[in-house]
Every structure is written in structure tokens, then in C-alpha cells.
Amino acid sequence: MSTVDVNAKIPNNVDLQHDKRLLRALEQWQPNYMQWWMDMGPAGFQGADVWLRTATSVDAEGWAHFDYVKMPDYRWGIFLADPVPDRKIGFGDGYGQPTWPVVPGEHRNTLRRLIVTQGDTEPASVEQQRMLGQTAPSLYDMRNLFQVNVEEGRHLWAMVYLLHSQFGRDGREEAEALLERRSGDSDKPRILGAFNQPIDNWLDFFMFTMFTDRDGKYQLLALAESGFDPLSRTTRFMLTEEAHHMFVGETGVERIVQRTAELMKQDPNEDARAQGGVPLDMIQRYLNLWFALSLDLFGGEISSNAASFFAAGLKGRYKEDTFADHLALDQAYRMAVPKEGRVVEEEVALRTAMNEVLRDAYVDDCQRGVDRWNKRLEEAGISFRFELPSKRFYRHIGLYAGLPFDPEGRPLGREDWDRRRTEWLPGESDRAYVAALQKQVREAGQIAHWIGKPPRGIKGLPFEYEYVRLD
Ligand code: BYC
């Protein structure tokens, strides 16, 4: 197992001290990163002591150390999963050939593009979430938010390491540009749609970590299959951190659902709103929004980009080794294609449908989380059930982009869509209602009225622990 130099100026397990050029490049980028973090990281909490997990090794057991840390002192660094000896490309035209330890010239531009797109999402999410500490429903939740934020910062480091170590001057320029784009800025926005949406309340935040971070998981899993070995190793370690982010989202929504159910039971008309909770139909509308925005992050249903990433061995499928055939030639994928106001089933070449194959695995994973929320409703004796909308609903990218479909996936007239839109997506009154619930709870052990307590705290500590020491 590789050793981790945790005390270096840039903690790493890539032997940075023996690569002076790379070390110098990263040390030049570091103050710019810190400046970005101070400007765009969690607003108002840079001096607070936060009970954070820090990576100290890359093996499955014991890679993390927990302690109070001020966020600007977090040990951002470079951690790659250990190499797999004699690793071979697992799919595409180069199937079975050795993986590449350095970026191959013919794939340089494509890989740079993929790495920049992935890297761009990481600081974007920190920017989107920067005000949320000020309305955290408990210190436990506040700490989880900050944990997610510092780890997204580290994921940016992971991509910047690849850019600096493999892409020379272009890579260094891209690394600077990653600190210059801004979520939601009309002049220099972040690259992908969902990362320019505002996240100014905790329902959006939990839906984002449930659905958008889960896209992250699937994209990272696809990149972990890459024949470009440094990318595979970096993303494999990132995935160990990602799991916590989805836990935050899935259990965050679950705790809102449980609290709503409790409040409904206390009301003579089962009216959650009358009791200060978030109504279930409102939660469903936020679910619809973030699921649809996150589906867009997989790219178009039919994509020649995806086909060439696969052919070249750059981006594989989720669990590529579970497929019998790794070439995906002469095979078809059936999908529903919009035609003159209807949808018809058509076959497309499997390689061009790779975005859709990954999206299908993602949808199944989302359904598992939704089933869990529904279980809570069932236990509470409430008949409402959450549903994932159709993959066609409210899409901005791909075959269904801009076409009106209802959540069941039925085509609609434009007027019906306009009239019924607020049945399915958060409208102004939903936003105002959720906004009014957002108030910071600063006392250890206390929690906002509209969300349930977690059954346990962090790493064996109770919920009542003072996870953030505010002055
Ligand atoms: N928004 O062939 P197409 C995460 C562009 S999240 C804007 O259909 P392709 C995280 C596309 O670039 C995971 N533009 O798509 C989560 C292309 O442009 P060009 C992030 C979009 O290329 C939470 C054109 O449309 N990881 O980690 O097959 C917190 C046609 O594209 C969008 C990655 O994204 C969009 N949604 O696939 C923190 C992995 N979709 O070439 C972090 C790396 C497509 O015509 N990226 N376009 O100019 C990729 O694998 C691919 O770039 C995509 C797009 C899957 C995103």
C-alpha cells in the first residue's frame, strides 16, 4: 500500500516531493485555491471549529481521521487509490490492451475536456451551497454540509492534479479557469446546467445531494473504468468520499418525510402545513425538479461523444466487468423517441446509447432511495407515495429537451404544460413557504421543527454532540 505524506504542505500519496516541477506548479495554484475558498466557500464559518473527517490513507479501513478543524486548515491533498497490477483496458476497441500510465497523445483533448467537466462541478457545488450554514437546522446538519463542502474542494484538487501532472501548460490554464468560473454567473457560468441552479434552502440541498451527487457517483464509476490509469485511480478514491454525500441527501429527505408524517398525525385533517411541516406534495415537486436536472447531467440519449469515449477506452459502463461483452458492437438499445407529438420505440446502436445505459443504472439506484422514503410513509400509516417522474419529464438536454411531458411521460400541449407546471415543479408559493422555514439552530442537541433528528450521530457520537463550535 502506498504511504500517505500527511504532513507535507500538500498531503499526498503520489510522491510529490520527488517531482519538483509538479510540486512547484501545485504550490503556485494552492494560494489561488485558498483565495477562492475564502471568497466562495461557506460564508461566515471560516473561523468555526468543525468536527471533520480528513483523509489520511487510501485503504478501505481507517482512511479517515476525525477532529475539530477550522475549514481553511483542512488538509486538502492528493490521494489516488493504489494501482491494480497489470491492469488492462476493460472495454472498447482497445479491450485487453495495457492501460495508459500517461495521457496518450490522440486522446489528450478529449480527456482534458472530460476532466475539466468533472472538475468544474466540484467548486460549483461549494459555490451553490455557500449560504446554507446560516440556516442549518441543527449543528449535526451544519457539520455534514461543511464535510461535503471540504470534500468537494478536495475533489477539485484531484482533477487539478491530473491537469497539472498530465496536460502541461494547457492543464495549468484549465486549473486556473476552474477557479474563475462561477455558479450562476451569466458571463462565466459553470459548465453543466444543474451546477448553475441556486441552492438556497435545505430541501434543495438534500435533493441535490440525493440526486445530483448520485450522478457524480455514476460518472465517477464510469471514469473509474477508464483506460487512462491515473484518472481511474483518482476517481476510485473520490468514490469513497462520495458515499457520505449521498447519505446526507437520502437521510436528510427521509428525516423531513418522517417529521412531516408525524406532524400530519398530530393534525385533525392530516395537514402538515398547518403544523409547520413540509407537505408531501411539495417534497414531491422538489424531487421532480432535482431528478430531472440530474438526468440532464448524463448527456444526450443518443450521443456520438459517448460512443467515441467508449470505443477509445476512456469512459466505460457502470460495473463494466459484469457485462458479458465489452465491445458493444452490433447490439441495439431500445428507447422511446419523440416523433410528431408521440413517442415511438426505436432501436439505436448500443455504443451511441452509453449515456442512457449509465442513466438507467442511476435511475434504479434513485428508485431504491425513494422506496426507502415510501417505507417510512407506510410505517406511519400514510397512503401518499413518492414517485420518480418519467425520464422525459422537464428535460433540457437530449431527445426530450424542451418538449412538454407530464411526470408519467405522456406528451402534453404547451398550454397544458404552462397551466399545470406548478402541480409538478416548485412554484413561487412553495419557494416562499420553504424559505420561511429556514432558520439557523445553533444549540447542540436542538433541531428545527420541520425535520426529524437522525437516529445516531457521527462516528459513534450522539446527535447532541457539539459538531460545530460557533463562537
Ligand atoms: N449541461 O453528446 P452529448 C459530480 C453538452 S456530477 C450543459 O449529449 P456527452 C458532482 C456536451 O458537453 C458528475 N451541457 O453529451 C455532483 C456536448 O457539448 P459539445 C460530473 C451539456 O458529451 C454533485 C453537447 O452538450 N461528471 O461529480 O456524451 C456535487 C452534446 O453532448 C450537458 C461528469 O460530467 C449538460 N447537462 O456527455 C459535486 C463526467 N450535457 O461537445 C460534484 C464528465 C451535455 O457538443 N463529463 N452537454 O460542445 C462527461 O462524461 C460528459 O461531458 C457528459 C456529457 C456526460 C456531461
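Let's start at one spot in this predicted model: a polar atom in the side chain of Arg-113 sits 3.2 Å from an oxygen atom of the ligand. Thr-121 reaches toward the ligand as well, with a side-chain N or O atom 3.4 Å from a ligand oxygen. Gly-300 does things another way, using its backbone: one of its backbone N or O atoms is 2.5 Å from an oxygen atom of the ligand. How much of the ligand does the protein bury? On its own, the ligand would expose 1100 Å², and the protein buries 81% of that.

Now take a step back and look at the whole ring of neighbours. There are 29 residues around the ligand, and the ones that come nearest are Gln-118, Gly-300, Ser-303, Asn-305 and Lys-315. Sorted by class, this shell has nine nonpolar, 13 polar and seven charged residues. Which helix gives the largest share of the shell? That's α2, with seven residues. Along with α2, the elements giving two or more residues to the shell are α5 and α8.

So where does the ligand sit? The space it takes up is the largest pocket, which has a volume of about 830 Å³. Try finding the middle of that pocket on the structure: Thr-117, Leu-192, Leu-297, Phe-298 and Gly-299 lie nearest its centre, out of 38 residues that line it. Four helices each supply at least two residues of this lining, and you can trace them along the chain: α2 (108–128), α5 (202–224), α7 (280–296) and α8 (304–311). As for the kinds of residue here, the pocket lining has 14 nonpolar, 16 polar and eight charged ones.

There's one more space to visit. Searching the whole structure for cavities of 30 Å³ or more turns up one. The largest cavity has a volume of about 70 Å³. Its lining is made of Ala-306, Phe-309, Phe-310, Lys-315, Gly-316, Met-354, Asn-355 and Leu-358. Two of those names may help you find your way: Lys-315 is also among the residues that come nearest to the ligand, and Met-354 belongs to α9 (354–379). Both α8 and α9 give at least two residues to the lining of the largest cavity. What classes of residue line this cavity? Five are nonpolar, two are polar and one is charged.

How values were computed: Residues are numbered from 1 along each chain as its sequence is written. This is a predicted model: local features need pLDDT of at least 70, side-chain atom pairs count only at pLDDT 80 or more; totals for chains, interfaces and linings use all residues. Side-chain values use heavy atoms; hydrogens and water are left out. On a 1 Å grid over the protein atoms alone, a cavity is a set of points where a 1.4 Å probe fits but cannot get out, and a pocket is an open set with protein on both sides within 12 Å along at least five of seven lines; lining residues have an atom within 4 Å of a point. Grid points are joined across faces, edges and corners, and a volume is the space filled by probe spheres set on the points. Ala, Val, Leu, Ile, Met, Phe, Trp, Tyr, Cys and Pro count as nonpolar, Asp, Glu, Lys and Arg as charged, and the others, Gly among them, as polar. A residue is near a molecule or strand if one of its heavy atoms lies within 4 Å of it. A polar contact is a pair of N or O atoms within 3.5 Å; within protein, one must be able to donate a hydrogen and the other to accept it, and residues adjacent in sequence count only if both atoms are side-chain atoms. Accessible areas come from the Shrake-Rupley method with a 1.4 Å probe; for residues, only the protein chains shown count as cover. A molecule sits in a cavity or pocket if more than half of its atoms lie within 2 Å of its grid points.
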